[in-house]
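Visitor: Before we discuss any term, please let me see the sequence and the model. I would then like to ask how each label is justified.

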Amino acid sequence: MKFSLISAQNQSIKTYTKNNGLPSLHIQDIAQDSIGYLWLATPKGLVRFDGNSFITYTTKNGLLSNNINTVFVNNNLILIGTNKGLSVKSRNNFKNFEGNNINCILNANNHTFLGTDKGIFRLREEYLSPLRTNFQIDLNEINDLKFDGKFYWVATNKSLWKVDKLTNPTILERIDVDNYTSILVDNKKIIVATYNNGIKIIINGEVKNQPVTLQNIIKVKKIDNQFWIISEDEGIQVFDNDFSFERTINKYNSLSSNNITTIFEDSDQNKWIGTQNAGLYTIKNDNPSPKKPQISFENIEVVFKTLDSININNYNEILQLPSNKNHISFYYKTVDISNSKNIEYRYTLNNKTSPWSSKNNVDLAYLSPGNYTFSSQSRIGNLESEPIQFNFYIDTPLHQKEWFIFSSIGLACLLLGLIIWSYIRRIQVKNKTKIEKLELQNHLLSLEQKALQLQMNPHFIFNVLNGIKALGNSGKSAELNETISKFATLLRGVLHNSRQEEISLTEEITTLKNYIELEQQMSTNSFEYQVTTNLSIDSEEILIPPMLIQPFVENSIKHGVSTIEKGRIDISFSTKHNLLQCEILDNGIGFHQSQKNKQPSSHRSVAMQVTKDRIESLSNKSTFSMTEIKKEGKAYGTKVLFTIPLKTDF
């Protein structure tokens, strides 16, 4: 590592710049975590330093912003205040909270508070919550926050405040008006820095000015029982505990820049000075106290994937791993800023220990099933760390377990039996389906044959022929010709339709009208009829089985309207929900009274039943009903209603 070494006031100072790996010469803030890493806030990212090398984290690694103002260590988390809000770094990732420019961070009473350019915010689990105190705090720039065990001290660019709570305060006292930049709690004294008017000390509510020669003071800190006053452009002044001047650290005696931003003392009592334009300085402790190194796990990878579901440094259980997760990598680290090049490591796996070396990681590949205890240790010279330990278990492969072998044999036998049974069952079902299909086809053929046989009542034909004969004998040639024409058209339609599986609804209606009009001529009692349609598509495009309606119309005529005067039959067709609905309504005597009056005969009852069976066999959606129309308990007609699936020729 390259550094400049100069001597001032009997102390050695090292300088770290871009040549040593810093991304920026502007160091805004410094903190140290429990492992020993130094964390540096810069305008070009977050920097980690182990005494030997710098590692920079930026937005490419997940940071909210590269422009970092302050850094704060809270247990195992690194809190990073940026110009765009807060980033929280855990072991392997960042969690970001967008917000205002953050100037300072305070952890007190199990809460984390943030001083921003516009008031104080509290860190919640998923967001930053603004705290309302008064408008003179909420709308101003918060430069520093401190807690003395009882009161919170708030330094703004306009005033210094003392409050009992940052949320819903009951005591809110403005101590002084000035541009306050930094607060130091020193026992019962509150020492504060102002940008333009030096240092002030508050004791028992009384504000006293402490003379210093520095201007533009941005921080005051207590290190080694000394007060360190930091100027933005005039270097550092050091005072003893009684505020007697001791020395000045600036570009005229020690540094190459007077533009100081912060000072920090690490766990080895080395002082670190951050500047705006000259990088990082360290004043090394020439008489460090010997101490044992501390080692911790940095990462554990299972098959090259980070084990981030547990706290690897505080895991007291045995990690259970499946047999295919038998490649494990351990990364461990001791950070000693003062002795970064003198650290050695060794590891132990189930009582087998490696030799000491500078390598701080190990890959354990293709481990056999079983229990493992891994431990690692570090040393600096003759001082050895306490070992850290991690226990894990790799399961036996499934195919090697006895229960799996016997279960597999049993399962194979069961599967073979199921396959044989399933094959036989499929054959049986297939044969049964074929039989049912053949039976259905045979039933349909039988129904169609019966329907064709019953399509035209011989009695009706004889009546028509006798009527034609009577018209001929009476010399009514015009009526004779019309009747013969209708009868011929009807017979031709019946003959043609009987050869078709389906005909259009238009053809069915035409045949039906011819039939009804012939019945009107032959009937002794006159009756009227009407055929109506309410269809969503043209009747020419709707297909139905032939002679499906005629048996019900014939029944309405013979056993309904023919027995009364002024009889009427209404036939309607409509479509709804992909169904064709047909309704036949007459005003006759009702089918119960008709059954009582008619002579015993099987022809019509058989025709009606066959037609009903035809309707129901078309689809499981088909329905059929025959009901009497009653008024005050007396029948006034019959309604036949059925629906069949709507079928078209396109």
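**Labels and their cut-offs**

Visitor: Why does Glu519 count as buried?

Guide: The relative accessibility of Glu519 is 2%, and buried means under 20% relative accessible area, exposed over 50% and partly exposed in between, with a 1.4 Å probe and protein chains only, so Glu519 counts as buried. Please keep in mind that this is a predicted model, in which local features need pLDDT of at least 70 and side-chain atom pairs count only at pLDDT 80 or more, while totals for chains, interfaces and linings use all residues. Residues are numbered from 1 along each chain as its sequence is written, and side-chain values use heavy atoms, with hydrogens and water left out.

Visitor: What makes the contact between Glu519 and Lys558 a salt bridge?

Guide: The term requires a side-chain nitrogen of Lys or Arg within 4 Å of a carboxyl oxygen of Asp or Glu, and the side chains of Glu519 and Lys558 meet at 3.2 Å, N to O, so the pair qualifies. Glu519 belongs to helix H5 (residues 505–522) and Lys558 to helix H6 (residues 550–559), so this salt bridge ties together parts that are 39 residues apart in sequence. Helices (H or I, at least four residues) and strands (E, at least two) are DSSP runs, numbered from the N terminus.

Visitor: Which term describes the exposure of Lys558?

Guide: Lys558 has a relative accessibility of 28% and therefore counts as partly exposed.

Visitor: How many salt bridges does a search of the whole structure find?

Guide: The search finds 19. Among them, Lys291 pairs with Asp268, with 2.7 Å between the closest N and O atoms. This pair links distant parts of the chain, 23 residues apart, since Lys291 is in the loop between strand E29 (280–283) and strand E30 (296–302), and Asp268 in the loop between strand E27 (260–265) and strand E28 (271–275). Lys291 is partly exposed at 38% relative accessible area, whereas Asp268 is buried at 12%. Another salt bridge joins Arg568 to Glu528, their closest N and O atoms being 3.1 Å apart; Arg568 is in strand E43 (residues 567–576) and Glu528 in strand E41 (residues 527–534), 40 residues apart. Arg568, at 28% relative accessibility, counts as partly exposed. Salt bridges with shared partners also join Asp176, Asp178 and Lys200 into one network.

Visitor: How do you know that E3 and E4 pair?

Guide: Two strands pair if DSSP finds at least two bridges between them, and strand E3 (residues 29–32) and E4 have 4 bridges in the antiparallel sense, so the criterion is met. Ile30 has Leu40 of E4 as its bridge partner, and the two strands form a hairpin with 5 residues between them, where Gly36 in the turn has a positive phi of about 125°. On to the next strand: E4 and strand E5 (residues 45–49) pair antiparallel over 5 bridges, with Ala41 bridged to Leu46 in E5, and they form a hairpin with 2 residues between them.

Visitor: What makes strand E4 mostly covered?

Guide: Of the 5 residues in strand E4 (residues 38–42), 5 are buried. Both faces are covered, with Leu38, Leu40 and Thr42 on one side and Trp39 and Ala41 on the other. In a regular strand the side chains alternate between the two faces of the sheet.

Visitor: Why do E31 and E36 stand at the edges of their sheet?

Guide: The open sheet has 4 strands in the order E31-E30-E33-E36, with antiparallel pairing. Strand E31 (305–306) and strand E36 (361–364) each have a single partner strand, so one side of each is left without a neighbour in the sheet. Strand E33 (residues 328–333) runs antiparallel to E36 and is joined to it by 4 bridges, with Phe330 opposite Val362.

Visitor: What is notable about phi in Phe304 and Met547?

Guide: Phe304 has a phi near 70° and Met547 a phi near 55°, each a positive value in a residue other than glycine. Most residues other than glycine have a negative phi. Phe304, in the loop between E30 and E31, is exposed at 57% relative accessible area, whereas Met547, in the loop between strand E42 (543–544) and H6, counts as buried at 5%.
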